[in-house]
Amino acid sequence: MSTNDIAQTIREKALWMRRRAFTMVFDARLGHPGGDFSAIDIIATLYFGVMRYDPKKPEMAERDRFIMSKGHATGALYTGLCAAGYFPEDWLNTYMQPQSKLNGHPNRNYLPGVETNTGPLGHGVPVALGIAIAGQLTNADYRTFVLTGDGELQEGSNWEAAMTAGNRKLGKLTLIVDRNRLQQGMGTEETNGLDPLDDKFRAFGWDVEMVDGHDVDALLTALSEPAGGRTKPLCIIANTIKGKGVSFMENIASWHHGVPNAEQHTTALEELI
Amino acid sequence: MAAPAVKQDGLHDCRDAWARTIEDLAAQDPRIVVVVNDSVGSSKLGGFQKKHADRLINVGIAEQNMVGVSAGLANGGRIPFVSAASCFLTGRALEQVKADVAYANFNVKLVGQSSGVAYGELGPTHHSIEDFAWLRPLNNISIVVPADAWETAEAVKWAASHEGPVYIRLSRMPVPDLEVADRKFAHGKAELVRDGSDVTLIACGTMVHLAAKAAADLEAEGISARVLNMGTITPLDEAAIASAAHETGAIVTIEEANIHGGLGGAVAEYTASSEPVPVERMGFPGFVPTGSVEWLFDHFGLTAEGIARTARKAIGRKRA
Ligand SMILES: Cc1ncc(C[n+]2csc(CCOP(=O)(O)OP(=O)(O)O)c2C)c(N)n1
Ligand SMILES: [Mg+2]
């Protein structure tokens with residue numbers, strides 16, 4: 001496939017993921033659609049343009065790993081895993097239903113493709129760090145990707161892991177920050193500001209790239225591994241829009257865990273084409 | 001965080017009573033501050049934020065920092081109420097709770113919101129059913145579990161006036177007002193909701209209402225069940241448990257928590273060493289499946305019917 005074709009496939013998958021995720025939230029009357037929509041282009045790019053994996057062999061040792069540290073955005077994660085072939089589409093209909101494998105936050109014991117359980121913020125980066133150290137110890141070739149929210153970076157555990165990753169020069173570790181500038185209640189900068197975020201990661205020994213997190217071509221470039229690999233861990237600060245793709249959701253904090261009514265659901269599906 | 005918003009007549013979300021009370025207390029006492037982790041909305045603190053903006057300290061999504069900061073605020077002569085989802089407040093910051101609040105013995109009030117399985121569908125990461133077992137050994141922290149809006153307001157007022165660490169465990173599940181005549185808030189004392197002689201149902205929080213219903217149902221079949229609202233778990237009202245053991249000979253404990261190490265554990269520890277009688281512990285055995293609060297209660301027998309069934313079992317275990 002040409003790069004153009006790949007990018008086109010990613011955009012199509014991302015559109016399907018947004019539509020499907022929104023309907024899941026609508027049906028369940030629960031979910032985190034704002035953070036689903038800021039992350040979907042990133043997740044689609046990873047699964048359809050970057051990562052090596054085989055959904056038939058989810059435990060394959062040499063697979064690239066993806067950790068969804070912002071575990072509340074299961075609308076994005078589950079639709080991505082489903083599109084990648086990890087489980088049949090009808091499982092999505094059970095989102096948050098009694099005894100469903102599709103819990104509000106991902107559980108690796110229920111679903112293939114989920115590398116670790118997340119939900120409490122600030123857990124993904126240390127686990128990803130451990131996976132990357134295991135790869136370093138065994139000279140493995142796999143890459144480890146972890147996606148965090150930006151508000152999530154207020155948790156100290158991220159910075160403990162960032163320090164270790166920098167010191168260990170883990171070139172196969174990539175952290176993507178979904179920089180939508182909103183957390184649960186309001187903006188990140190009015191809560192406990194993160195800027196200048198790039199300087200913080202550089203100071204911890206990381207390479208840093210800033211991209212538009214909805215520009216698939218830019219994401220593909222930033223996520224590709226340079227010939228000869230990297231000598232430092234990479235932090236991609238993906239500037240995103242919470243609720244991206246639906247006019248009435250974009251940049252509105254209350255859509256963090258907003259649930260659409262029937263009219264909003266219809267309008268959103270009309271816009272997501 | 002999303003959770004089902006059930007609105008029914010005559011039922012109250014205890015978070016409203018918490019929010020009203022802390023706003024009033026803060027107006028009276030300038031030492032009161034509230035510390036949160038991006039939890040203004042889920043703690044219903046919008047009003048507090050408007051009225052006392054400078055006394056709402058939002059550290060962001062950083063629970064360990066939040067609890068450590070509270071110990072520092074207490075050192076500085078403030079009276080901090082830390083308000084956060086109880087799963088993160090007690091789980092994420094457990095060592096800060098242990099070392100900075102309990103061991104250092106600072107005057108910090110921990111207010112755990114949306115405890116138990118209130119976040120049903122969001123799963124075990126968001127459930128707070130281990131909190132009793134985690135905090136009970138830190139025995140200078142008083143654990144208070146209000147059963148309704150009135151008791152919530154009283155508990156918050158009591159905590160503000162009490163010198164020392166407190167954990168107030170709240171739910172977001174709408175509950176009715178408990179029907180007890182002439183109520184007086186008595187910290188550390190079990191509240192007699194209904195007297196009885198065949199078995200005692202000892203419950204806390206949301207479960208008190210179900211226990212009262214079970215007792216009424218049992219009466220119809222000729223079983224006389226005492227119901228105690230154990231609104232304080234630490235310190236435990238051992239005298240009330242001793243009387244229950246003596247006078248009714250069998251005990252059922254009911255809590256929206258893990259059955260290991262919580263209210264049931266406390267009652268079983270006490271009875272085993274002092275007043276051995278059959279004790280049946282009701283709650284959750286461990287991590288639970290995905291499901292709504294209602295489904296989870298039903299699945300684990302936390303219903304009036306399930307409690308009545310367990311009461312009959314406890315009575316059946318009495319020595320002849
Ligand atoms: C340890 C912890 N504290 C609090 C929460 C509650 N919570 C869930 S999502 C969220 C906001 C997350 O903001 P951000 O990381 O920016 O995510 P996004 O904007 O991508 O949704 C909060 C506070 C949590 N899940 N875990
Ligand atoms: Mg954000």
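## A magnesium site and its two-chain setting

With a relative accessibility of 2%, Asp150(A) counts as buried, because anything under 20% falls in that class. Please keep in mind as you look around that this is a predicted model.

**The magnesium site**

Asp150(A) is a good place to start, since this residue is one of the donors to the magnesium ion (ligand 2). The ion is coordinated at 2.1 Å by Asp150(A) through OD, by Asn180(A) through OD1 and by Leu182(A) through O. Read along the sequence, these donor residues follow the spacing D-x29-N-x1-L. Two of them come from distant parts of the chain: Asp150(A) sits in the loop between β2 (144–149) and α5 (156–167) of chain A, while Leu182(A) sits in the loop between β3 (173–179) and α6 (188–192), 32 residues apart. Leu182(A), like Asp150(A), is buried, here with a relative accessible area of 13%.

**Around Asp178(A)**

Which residues does Asp178(A) touch, leaving aside those up to four places away in sequence? Asp150(A) is among them, and so are Leu147(A), Thr148(A) and Gly149(A). The list also holds Gly35(A), Ser38(A), Ala39(A) and Lys70(A), together with Ala238(A) and Thr240(A). Asp178(A) itself belongs to strand β3 of chain A. Its relative accessible area is 0%, so Asp178(A) is buried. Between the C-alpha atoms of Asp178(A) and Gly151(A) the separation is 9.2 Å, and the two residues are 27 apart along the chain.

**Salt bridges**

Side chains of opposite charge can pair when their charged atoms come close. Over all chains, the count of salt bridges comes to 37. Three of them are set out here with their closest N to O distances.

| Acidic residue | Basic residue | N to O distance |
|---|---|---|
| Asp141(A) | Lys172(A) | 3.6 Å |
| Asp29(B) | Arg31(B) | 2.8 Å |
| Glu269(B) | Arg136(B) | 2.9 Å |

In chain A, the salt bridge between Asp141(A) and Lys172(A) links distant parts of the chain: Asp141(A) lies in the loop between α4 (124–137) and β2, and Lys172(A) in the loop between α5 and β3, 31 residues apart. Both partners are partly exposed, Asp141(A) with a relative accessible area of 49% and Lys172(A) at 25% relative accessibility.

Turning to chain B, Asp29(B) and Arg31(B) meet through their side chains. How do the two compare, buried or partly exposed? Asp29(B) is buried, with a relative accessible area of 16%, whereas Arg31(B) counts as partly exposed at 40%.

The other chain B pair in the table is Arg136(B) with Glu269(B). Arg136(B) lies in the loop between α6 (131–135) and β5 (142–144) of chain B and Glu269(B) in helix α10 (residues 263–274), so this salt bridge ties together parts that are 133 residues apart in sequence. Arg136(B) counts as buried, at 16% relative accessibility. Back in chain A, salt bridges with shared partners join Arg52(A), Asp64(A), Asp141(A), Arg143(A), Lys172(A) and Glu225(A) into one network.

**Chain A as a whole**

Chain A has nine helices and five strands. Starting at the N terminus, these elements follow the order α-α-β-α-α-β-α-β-α-α-β-α-β-α. For 273 residues, a compact globule would have a radius of gyration near 19 Å, and the 17 Å of chain A agrees with that. The C-alpha trace of chain A spans about 50 × 45 × 40 Å along its principal axes.

Of the 273 residues in chain A, 58% are buried. Contacts across the sequence are well represented too: among those between residues at least 6 apart, 76% join residues at least 24 apart. The accessible surface of chain A comes to about 10,600 Å², and carbon and sulfur atoms account for 50% of that area.

**What the UniProt record adds**

For chain A, an unreviewed UniProt entry annotates residues 18–267 as "domain: Transketolase N-terminal". Those residues are 36% helix and 12% strand, with their end C-alpha atoms 13 Å apart. For chain B, the annotation from an unreviewed UniProt entry is "domain: Transketolase-like pyrimidine-binding", covering residues 12–177. That span of chain B is 42% helix and 16% strand, and its end C-alpha atoms lie 8 Å apart.

Terms used: Residues numbered from 1 in each chain as written. Chains lettered and ligands numbered in written order. Predicted model: local features only at pLDDT ≥ 70, side-chain atom pairs only at ≥ 80, totals over all residues. Heavy atoms only, no water. Donors = N, O, S within 2.8 Å, 3.2 Å for Na, K, Ca; no water. Helix = DSSP H or I, 4+ residues; strand = E, 2+ residues; numbered from the N terminus. Buried < 20%, exposed > 50% of the residue type's maximum accessible area, 1.4 Å probe, protein only. Salt bridge = Lys/Arg side-chain N within 4 Å of Asp/Glu carboxyl O. UniProt positions renumbered as here; feature names shortened; annotations may be inferred. Rg over C-alpha atoms; globule rule 2.2 N^0.38 Å. Contact = heavy atoms within 4.5 Å. Areas by Shrake-Rupley, 256 points an atom, 1.4 Å probe, with all protein chains shown as cover.
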